[in-house]
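Let's take a friendly walk through a protein model together. Have the 3D view ready, and turn it as you read.

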Amino acid sequence: MTKITIIAAVVVLACTTGLARAQDYPTAPIHLISGFPAGSTADISARVVGAKMGQILGQQIVIENKLGAGSSIAAAQAARAPKDGYTLFVGSAANVINAAMTPNLNFDFYKDFAPIALITSTPTVLAVTPELGVKSVKELIALAKKEPGKLSFGSSGVGSSTHLALELFKSLAGVNITHIPYSGSPQVITDMLANRIQGYFSPASTVSGHVAAGKLVALAVTDAKRSIFFPELPTMVEAGVPDCESVLWFGIEAPIGTPQPIIDKLNRAANEAIKSDEVVSSLKGQTVAVHGGTPDDFARHLEAEQKRWTKVVETAGLRK
């Protein structure tokens, strides 16, 4: 038997073994690690989609909330897990931002994970106080240029998605707005309602009730398309700020090296789950939209996000 024949035989055996493993998979509960707290949009997405995927796959998907360092602690744990499909990870925009801000993390978000599926997103809404007196993004920009540095916008922390959305807006609109970091969205809203700060790029669920009550004014959404939850609001692009897109998205990933047949099986289960009426209905009540697509679709999304947020981090001088 020649050397080439031996190598070919080994490759065929590996492929056959991987396929057999995928056909049997899963034979035990699957752990889905999330770097966000219980009740957060990421957690809700993981639990609702994970529960349906578990039904489809015939095994329970157990959600593990591993908090700290903007989801980096959870990512590091998942990256070191066995590459067998029994440990998965909830990837998000936070991980892309962390990778751009902190290049010396003890894992590589792009090289250590294999994309499975983009599952959900929730709109980010540009909201301001009624006292500010603006009714459109153009009016906000004009006011910010008239009084540089006078306006104050909150965020849920330095390096958070809400902070980077503000920095993206500032760079594209050419305005100087003071950033005030908080420890979370509730504190931002408290100070907005008290008119101590004037604006916030907020997760939709955080401001929707206050907007409906007339206590805050929504100017636009930062999605690429108009949101099904706020069809009356223009996108930032429609409002005159090209390329100003910032979406709070969530996807499922596996440690790199997980057999491709298992990745494909998980992808099919994820897509079937998020298309089900019960999942769509449940998430819609939380202002969460479903997505789906192939692993390659998710990979392209990650590449676009990497380019966008790396540029914003560099422009804002946020790299550590």
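A residue counts as buried when its relative accessible area is under 20%, as exposed when that value is over 50%, and as partly exposed in between. Asp297 has a relative accessibility of 34%, so it counts as partly exposed. Keep in mind that you are looking at a predicted model.

**The sheet**

Let's begin with the strands. Strands of a sheet pair through backbone hydrogen bonds, either parallel or antiparallel. Here, six strands make up an open sheet with mixed pairing, and their order is β2-β1-β3-β10-β4-β11. Which strands stand at the edges? They are β2 (61-65) and β11 (289-290); each has a single partner strand, so one side of each is left without a neighbour in the sheet.

A helix also belongs in this picture. Helix α11, residues 295-316, packs on the sheet and touches β4 (113-122) and β10 (248-255). The direction of α11 makes about 75 degrees with that of β4.

Now look at β1, which covers residues 30-34. This strand pairs with β2 in the parallel sense over five bridges, and with β3 (residues 87-92), also in the parallel sense, over three bridges. To find these pairings in the view, look for Ile33, whose bridge partner in β2 is Glu64, and for Leu32, whose bridge partner in β3 is Leu88. Is β1 enclosed or open to the outside? Four of its five residues are buried, so β1 is largely enclosed by the rest of the structure.

**A buried aspartate**

Next, find Asp43 in helix α2, which spans residues 41-57. Its relative accessibility is 3%, and because buried means under 20%, Asp43 counts as buried. Which side chains does Asp43 join through polar contacts? One is that of Arg47, at 2.9 Å, and another is that of Asn65, at 3.0 Å. Leaving aside residues up to four places away in sequence, Asp43 touches Pro37, Ala38, Ile63 and Asn65. Asn65 therefore appears both in a polar contact and in this list of touching residues, while β2 is the strand that covers 61-65.

**Aromatic rings**

A pair of aromatic rings is described by the distance of the centres and the angle of the planes. How many such pairs does a search of the whole structure find? It finds eight aromatic pairs. In one of them, the ring centres of Phe109 and Phe113 are 6.0 Å apart and the planes are at 55 degrees, so the pair is tilted. Phe109 and Phe113 are both buried.

Phe153 and Phe201 form another tilted pair, with 6.2 Å from centre to centre and 45 degrees between the planes. Phe153 lies in strand β6 (residues 152-155) and Phe201 in strand β8 (residues 199-203), so this pair ties together parts that are 48 residues apart in sequence. Both Phe153 and Phe201 are buried. Elsewhere, ring pairs link Phe89, Phe109, Tyr110 and Phe113 into a cluster.

**Salt bridges**

The count of salt bridges comes to 11. Here are some of them:

| Salt bridge | Closest N to O distance |
|---|---|
| Lys52 and Glu278 | 2.8 Å |
| Arg300 and Asp297 | 2.5 Å |
| Arg319 and Glu314 | 3.2 Å |

What does the bridge between Lys52 and Glu278 tie together? Lys52 is in helix α2 and Glu278 in helix α10 (residues 277-284), so the pair ties together parts that are 226 residues apart in sequence. Lys52 has 16% relative accessibility and counts as buried, whereas Glu278, with a relative accessible area of 48%, is partly exposed.

By contrast, Arg300 and Asp297 both lie in helix α11, three residues apart, which is about one turn of the helix. Arg300 counts as exposed, with 51% relative accessibility, and Asp297, as you saw at the start, counts as partly exposed at 34%.

In the bridge of Arg319 and Glu314, Arg319 is partly exposed, with a relative accessible area of 38%, and Glu314 counts as partly exposed too, at 48% relative accessibility. Finally, look for Glu245, Glu305 and Arg308: salt bridges that share partners join them into one network.

Technical notes: Residues numbered from 1 in each chain as written. Predicted model: local features only at pLDDT ≥ 70, side-chain atom pairs only at ≥ 80, totals over all residues. Heavy atoms only, no water. Pairing = 2+ DSSP bridges. Helix = DSSP H or I, 4+ residues; strand = E, 2+ residues; numbered from the N terminus. Contact = heavy atoms within 4.5 Å. Axes fitted to C-alpha atoms, helices over the stretch in contact; angles between N-to-C directions. Phe/Tyr/Trp six-rings, centres within 6.5 Å; stacked < 30°, edge-to-face > 60°. Buried < 20%, exposed > 50% of the residue type's maximum accessible area, 1.4 Å probe, protein only. Polar contact = N/O pair within 3.5 Å; in protein donor to acceptor, adjacent residues only side chain to side chain. Salt bridge = Lys/Arg side-chain N within 4 Å of Asp/Glu carboxyl O.
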